[in-house]
Structure formats: C-alpha cells, structure tokens
Amino acid sequence: MASIMLVPRCPLIKAHLETRAARVTRSSTIFIPTTAARMESSTAANASPDSAGVTQTTEISDTLMQYVVLRRDLIDTWPLGSVVTQGCHASVAAIWENKDDPDTLRYCCPSNLDSMHKVTLEVKGEAQMLSLSEKLKPGGVAHKLWMEQPENIPTCLATKPYPKSFVSSFFKKLKLCK
C-alpha cells in the first residue's frame with residue numbers, strides 16, 4: 001500500500017511536519033500510515049503517484065470534525081453554563097492531548113480558526129456515556145472522557161479532530177443536542 005504525503009496549507013503545520021520528517025526520513029516528507037489508510041478513499045480523486053510510486057495529495061477534501069457529546073440528564077438538572085463548561089473542558093483536553101497529530105494541527109491552524117466544525121450530540125446518561133467511550137477505544141478513536149472532580153462524574157466526551165468520514169459512523173445513532 002502506498003503512503004500518502006500530506007501537503008498542508010498552513011505554514012505552521014508544514015514547518016512542524018518538516019521538522020518531524022527530518023528526524024524520520026531523508027526527505028522533507030513525513031509518512032503516516034495510520035492516517036494514510038483512513039484517508040486513502042477520501043483523497044483518491046486528488047492523488048497521483050510520483051516516480052517512486054508514492055501517492056501524493058494536494059488537498060484533503062474530507063471535513064475535519066470534532067465531536068462533543070453531553071449528557072441529557074445533566075442538561076436537564078444542572079445550570080446550562082455548567083454543562084457547556086464541561087463540553088469546553090473535554091474539547092480543549094482532547095485537542096491538547098493530541099496536539100502533535102496532523103489532523104489536530106490542521107484543525108487548529110490559524111487559517112482554519114474561523115471555520116472549525118464541531119457536532120454536539122447527547123446521550124441519556126452516565127451509562128450510555130461510558131458505553132460510548134468503551135466503543136471508541138477499539139475503533140481507534142482518540143477521545144477525552146471528561147470527569148468532573150472531586151465527584152469523579154463522567155460529564156462529557158470529546159474526540160480529537162478527525163475527517164468526518166472516519167468517525168461519523170460511531171455517532172450516527174446519537175441525537176443532536178438541543
């Protein structure tokens with residue numbers, strides 16, 4: 001299987017990837033097989049093999065999304081601001097824990113800050129939140145299950161940014177938070 005070369009539009013990401021690539025390969029290209037495998041179908045239209053048989057892309061067309069999942073039982077009983085704060089904590093933590101990930105870097109690039117995409121969904125309660133977290137782990141979906149302290153209550157879950165086509169299937173049965 002051919003690797004995919006990421007060609008970021010953001011100069012900060014390009015510099016970061018080139019720095020990492022210099023440590024990994026002899027050229028300024030970094031190859032990320034796990035990312036390449038899931039992006040192959042979404043980038044096939046924009047890809048062309050070079051003389052070494054490596055697939056290169058000029059742009060990744062799949063929208064990067066961050067999913068945030070709140071608990072309906074808390075929305076109905078806690079002050080709205082407190083529940084929103086839980087979602088903010090989980091979102092920032094998921095991004096920070098994955099700050100070196102290429103998708104996270106693209107999502108947080110200065111040129112993309114005004115066009116971030118998030119979907120806020122809801123589950124009924126704690127059991128469904130814990131179940132969702134357990135389903136995401138074997139699927140390889142990096143996420144943060146936010147635990148409110150000192151009570152140790154799971155209040156919210158947020159994924160790192162992913163191409164929508166990679167993670168949407170994990171969330172298709174959940175309702176939009178209203």
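Me: Two strands pair when DSSP finds at least two bridges between them. In this predicted model, what makes S5 and strand S9 (residues 175-176) a pair?

Reply: S5 and S9 are joined by 2 bridges, and the criterion asks for at least two, so the term applies. The two strands run antiparallel. One contact point can be named: Glu 122 has Lys 175 in S9 as its bridge partner.

Me: How do you know that S4 and S5 pair, and in which sense?

Reply: There are 6 bridges between S4 and S5, and at least two are required, so these strands count as paired. Their sense is parallel. Val 68, for instance, stands opposite Thr 120 in S5.

Me: Why is Ser 91 called buried or exposed?

Reply: Ser 91 has a relative accessible area of 7%. Buried means under 20%, so Ser 91 is buried. Ser 91 is found in helix H4. Leaving out residues up to four places away in sequence, Ser 91 touches Gln 66, Val 68, Lys 118 and Ala 158.

Me: Which other residues of H4 are buried, and what do the buried residues of this helix pack against?

Reply: Besides Ser 91, the buried residues of H4 include Val 83, Gln 86, Gly 87, Ala 90 and Ala 94. The elements they pack against are S4, helix H3 (72-77), helix H5 (102-107), S5, strand S6 (143-148) and strand S7 (153-159). Residues three or four places apart on an α-helix point the same way, because there are 3.6 residues a turn.

Me: How does the span of H4 stand against the expected value?

Reply: H4 covers residues 80-97, which makes 18 residues. From its first C-alpha to its last the helix reaches 26 Å, close to the 26 Å expected at 1.5 Å a residue.

Me: What makes a group of residues here a nonpolar core, and which members of the largest one touch the most others?

Reply: Members must be buried residues of the nonpolar kinds, joined through side-chain atoms within 4.5 Å. The largest such core has 15 residues, and Tyr 67, Val 69, Leu 121, Leu 132, Phe 171 and Leu 174 touch the most other members. At least two residues each come from strand S4 (64-71), strand S5 (118-123), helix H6 (126-136) and helix H7 (164-171). A second core, separate from this one, has 9 residues, including Leu 74, Ala 90, Ala 94 and Ala 158. Beyond four places in sequence, Leu 132 is in contact with Val 69, Leu 157, Phe 170, Phe 171 and Leu 174.

Me: Why is Asn 152 called partly exposed?

Reply: The relative accessible area of Asn 152 is 45%. Buried ends at 20% and exposed begins over 50%, so Asn 152 lies in between. Asn 152 belongs to the loop between S6 and S7, and its phi is near 60°, a positive value in a residue other than glycine. Pro 150 is also in the loop between S6 and S7, and the peptide bond leading to it from Gln 149 is cis, with omega near 10°. Most peptide bonds are trans, and most residues other than glycine have a negative phi.

Me: Where is the predictor's confidence lowest and highest among the elements?

Reply: Helix H2 (residues 33-43) has the lowest mean pLDDT, 39, and S4 the highest, 98. Over residues 21-60 the pLDDT stays under 50. Where pLDDT is low, the predicted coordinates should not be read in detail. For the chain, the mean is 79, and 66% of residues reach 70 or more.

Terms used
Residues are numbered from 1 along each chain as its sequence is written. This is a predicted model: local features need pLDDT of at least 70, side-chain atom pairs count only at pLDDT 80 or more; totals for chains, interfaces and linings use all residues. Side-chain values use heavy atoms; hydrogens and water are left out. Buried means under 20% relative accessible area, exposed over 50%, partly exposed in between (1.4 Å probe, protein chains only). Helices (H or I, at least four residues) and strands (E, at least two) are DSSP runs, numbered from the N terminus. Contact means heavy atoms within 4.5 Å. The expected span of a helix is 1.5 Å times one less than its number of residues. pLDDT is the predictor's confidence in each residue, from 0 to 100.
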